[in-house]
Structure formats: structure tokens, C-alpha cells
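Me: I've got a structure open here. Can you walk me through it?

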Amino acid sequence: MGTREFIAKNAAQLLNDGDIVNLGLGIPGLVPNYIAPGKHIYFHNENGSIGLAGIATPEDANYDPELIDACANCSYFQPGGVIMDSAASFAFVRSGRLDVTVLGAMEVDEAGSLANWAIPGKMIAGMGGAMDLVSGAKKVIIAMEHCSKNGRPKIVKECTLPLTALHVCKNIVTELAIINVQPNGLVLAAVAPGVSVEEVVAKTQAHLIIPPHIDTMVA
Amino acid sequence: MEKVTSLNHICRLLESDRSYMIAGFAEVGTPYTLINCLLACGTRDITLIANDTGDATKPGVSQLIFEKRIKKAIVSHVGKNPETGRQVMNGELELELVPQGTLTERIRCGGAGIGGVYLKTGVGTPIADGKEIRTLDGADYLLELPLHAHIALLHAEKADRLGNLIFHMMARNYNPIMGTAADLVIVEANQIVEPGTLSPEEIMLPGAFVDYIVQAERR
């Protein structure tokens with residue numbers, strides 16, 4: 001299993017039976033591959049659907065190029081799936097009905113704030129639906145690599161990039177650790193098999209609270 | 001009034017230096033025939049209101065960016081068309097990034113005769129700059145103002161000659177809301193049928209909102 005798959009698998013453990021979940025681009029999109037059998041998760045896509053079931057290919061009997069998820073992959077509905085316009089889709093999110101959103105970030109900080117849409121002077125992606133999703137969802141799970149491509153910690157004392165939202169993140173899942181955002185700060189909840197607490201601390205700029213018991217992530 | 005018309009007629013309506021809502025998300029629900037018409041009839045200095053500036057590898061809204069027909073873009077995402085960021089940094093294009101759910105709700109306001117709306121999305125982020133903040137029932141909200149365009153361009157699967165519309169699968173997205181929020185609403189439809197063919201309860205945008213219909217070209 002690759003790093004990205006490992007992160008997705010561990011993020012999937014944090015979903016509960018019956019949850020309606022929105023997944024961001026990248027690693028979060030791998031989460032559906034790791035839902036335990038018997039756990040029923042419904043996926044919300046911000047362009048306007050609940051209940052898409054997975055990726056469809058042109059070889060599939062029910063393939064439809066206009067039936068896409070929010071990452072522009074062709075998909076298909078599980079029984080009971082629905083379509084709504086984009087305003088109704090965000091009414092669902094903004095009103096607090098979405099159980100979980102899983103998304104990536106460029107920075108997350110000790111207060112649970114995150115940044116993921118622009119690097120001033122270098123990159124403008126735009127926030128898409130991310131600001132609405134993290135402000136509206138009952139639970140925000142960040143699924144990302146622990147450090148940036150050049151090795152810089154992404155879990156920081158205070159975000160320096162333009163913010164997506166203040167104080168919204170609940171869990172941070174990386175290839176090294178699961179970190180929970182608590183009122184008193186970031187608490188190390190689990191480490192990956194074979195990874196030491198010291199390594200996680202060394203690769204995290206934010207202060208980490210180390211509790212007496214730390215779980216091991218699911219391999 | 002006869003609403004079904006020719007592209008030649010539409011071309012005379014697509015004036016420069018006007019605001020255009022263009023429906024679609026990830027090239028689904030995008031009015032390609034009408035975008036081609038904008039390109040062919042030389043419309044420029046467009047203020048674009050859309051989900052995004054398109055995908056640089058695909059036809060659609062991206063072509064309007066490449067051909068520098070847009071002077072201002074009011075969108076939620078530009079990450080799939082890096083030419084957008086390049087033009088912004090060169091000062092050739094004005095960009096207003098709007099969170100996707102805020103964009104949908106501003107359009108909904110514009111189409112519903114509502115003077116503005118208080119939304120919590122973006123509080124504490126650069127999106128809040130210059131906006132009125134109102135504390136309601138203990139939570140902070142931003143005052144967001146309506147969006148209304150001179151012209152909306154929509155793509156429907158079916159239209160009857162009165163302009164009653166049905167959208168296919170995820171092509172619904174922005175189509176029904178943008179269809180309420182412009183002075184002139186122009187629709188391209190894959191199928192144009194006689195009134196009475198569509199059931200009143202399956203119609204997704206009433207023809208009373210629609211001004212003109214053209215046959216969508218085969219893609």
C-alpha cells in the first residue's frame with residue numbers, strides 16, 4: 001500500500017455508519033476504497049448529488065459522461081441516489097447537515113485553522129467549495145501528507161497562507177500520525193507502524209500534546 | 001412570443017462589455033454551442049460569472065480565457081486553467097474569487113429579488129475583507145450581495161417551445177439558478193419539443209424565466 005492509500009485507509013476508519021460525507025480532490029478521493037464492509041456511507045458531491053457509488057468507465061452498461069462526481073470522474077448512483085442543483089447542494093452543506101468533509105490542506109495549525117487555496121504571488125487555485133464545506137460540516141478531517149514536497153512541515157503553529165476557515169479541523173491524518181484538534185491544542189492520537197513519537201514531533205512545527213496512550217494506525 | 005431562434009439572431013444579442021453567467025461544472029452542463037457563438041461573433045470585455053474558468057485541456061469556458069475575451073471573472077476555482085492565474089498576475093484579468101456556496105447563494109439572491117444574504121462562509125479569511133460582519137444569534141456572518149447578469153447562457157437536455165427546461169444528470173448544477181438571474185436568458189437544448197410533451201412536474205426551470213432557445217450542436 002502506498003503512502004496516499006495508507007492515509008486514505010486511516011481516514012476511512014474515522015467515518016461512522018450512516019454518515020453523509022464529502023471528499024475533496026486527491027488523497028480523500030481514495031477513501032471509498034477503504035470503507036469496512038457493512039458500514040454504509042453516503043457520498044455528497046458539491047456539484048449537486050448524494051449517493052454516488054464509485055467510478056464508472058465507458059465499458060460499464062450505466063456509463064454516462066454527464067454523471068460526474070465533484071472531481072469530474074464519471075460515476076454511478078447507488079439505489080436512492082439523488083441530484084439537486086448547486087444552490088440546494090450548498091444549502092445542505094451550509095445548514096449543518098453534512099456529517100463529514102475529508103479534504104487536503106497546504107497548512108493546518110494549532111487552532112484547527114487551515115489553508116488550501118492560494119500561495120500569494122505563486123499559485124491561485126481558488127477555494128471552490130472548500131470554504132463552505134469546512135464551515136458547514138459537522139466534522140472536518142484533513143487527509144494529507146505530513147510535510148510538503150520539499151520537506152517543510154504542514155502542521156504549523158499558525159497558518160501563514162491565506163486561510164480557508166478558522167478553528168474547524170477535528171482530525172489530521174497523515175502517513176505518520178493521526179492528530180486530533182482539541183480545545184487545548186493538537187493531541188497525538190496515533191502513529192504509523194514503525195514510526196516513533198520523536199519522528200512525528202520532529203516533522204511537526206506545531207506543539208504536540210503527547211498523551212500517555214498513543215494508538216497505532218491501521219496498516 | 002416565439003422563443004426558438006437561430007444562432008445568427010443570438011449572435012446579435014451577445015454584446016461586448018456585458019456580464020455573462022455561464023452554467024456548468026467541470027464541463028458538464030456547459031453551453032458549448034453558445035460559447036462557440038461568443039467566440040465566433042467576437043464578443044469581448046466580458047464579465048464572467050461561472051463556477052470556474054474551465055479546464056485548459058478541454059474546450060468550453062477555458063477558450064474565452066485563452067482568447068482574452070474576459071476582463072473580469074467572478075468564479076470559485078481557477079486551478080484547472082493556469083492561464084487564468086497568469087493573466088491575473090500580468091494584470092490582464094481581474095479576478096474575484098468567491099466560495100462556491102457563496103457564489104450559488106449570491107446568484108440565487110440575484111434571481112429571487114433578494115437584496116443580500118448573511119453567510120458564515122469565509123469569516124476570518126481574506127474573503128471577509130471589506131464586507132460587513134454581522135453577529136446573529138452569537139455567530140458571525142458576512143453580508144454577501146446578489147449577483148445578476150445581463151445575459152445567462154444555459155445548456156438543457158430538453159426544452160419545449162415555451163422554454164420549460166429539463167437538465168440531464170449532473171448538468172443541472174448552475175443551470176436552474178443562473179436561469180433566474182439575468183436580464184436575458186438564452187438556452188441551448190439537445191432536444192426541442194412541443195409544449196405538453198414534458199410533464200409539468202418534471203420541469204426543472206419554468207419557461208417563464210427563459211427568453212430564447214437554440215438547438216445545441218452535436219458534440
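Reply: Sure. One term to begin with: two residues are in contact if their C-beta atoms, placed from the backbone, lie within 7 Å. And keep in mind that this is a predicted model.

Me: OK. Which residues does Met21(B) contact, leaving aside neighbours within four places in sequence?

Reply: Met21(B) contacts Ile49(B) and Ala50(B), then Ala149(B), Ala152(B) and Leu153(B). Met178(B), Ala181(B) and Ala182(B) complete the list.

Me: And the largest nonpolar core, how many residues has it got?

Reply: It has 126 residues. Met21(B) is among those with the most contacts inside it, along with Ile142(A) and Leu48(B).

Me: Which element gives the largest share of this core?

Reply: Strand β8 of chain B, residues 149-160. It supplies 7 residues.

Me: Switching to the contact between the chains. How many residues from each?

Reply: Chain B gives 35 and chain A gives 31. On the chain B side, α4 (82-89), α5 (100-112) and α6 (175-178) each supply at least two residues. The largest share there is from α5(B), with 6 residues.

Me: What's the chemistry of that chain B side?

Reply: 17 nonpolar, 14 polar and 4 charged.

Me: Now strands in chain A. Do β1 and β2 run parallel or antiparallel?

Reply: Parallel, over 3 bridges. β1(A) covers residues 20-23 and β2(A) covers 42-45. Ile20(A) has Tyr42(A) as its bridge partner.

Me: What about β2(A) and β3(A)?

Reply: Antiparallel, with 2 bridges. Asn45(A) is bridged to Ser49(A). The two strands form a hairpin with 3 residues between them.

Me: Which turn residue has a positive phi?

Reply: Gly48(A), at about 135°.

Methods:
Residues are numbered from 1 along each chain as its sequence is written. Chains are lettered from A and ligands numbered from 1 in the order in which they are written. This is a predicted model: local features need pLDDT of at least 70, side-chain atom pairs count only at pLDDT 80 or more; totals for chains, interfaces and linings use all residues. Helices (H or I, at least four residues) and strands (E, at least two) are DSSP runs, numbered from the N terminus. Ala, Val, Leu, Ile, Met, Phe, Trp, Tyr, Cys and Pro count as nonpolar, Asp, Glu, Lys and Arg as charged, and the others, Gly among them, as polar. Two strands pair if DSSP finds at least two bridges between them. A nonpolar core is a set of buried Ala, Val, Leu, Ile, Met, Phe, Trp, Tyr and Cys residues joined through C-beta atoms within 7 Å. A residue is buried if 20 or more other C-beta atoms lie within 10 Å of its own, exposed if 12 or fewer, and partly exposed in between; C-beta atoms are placed from the backbone.
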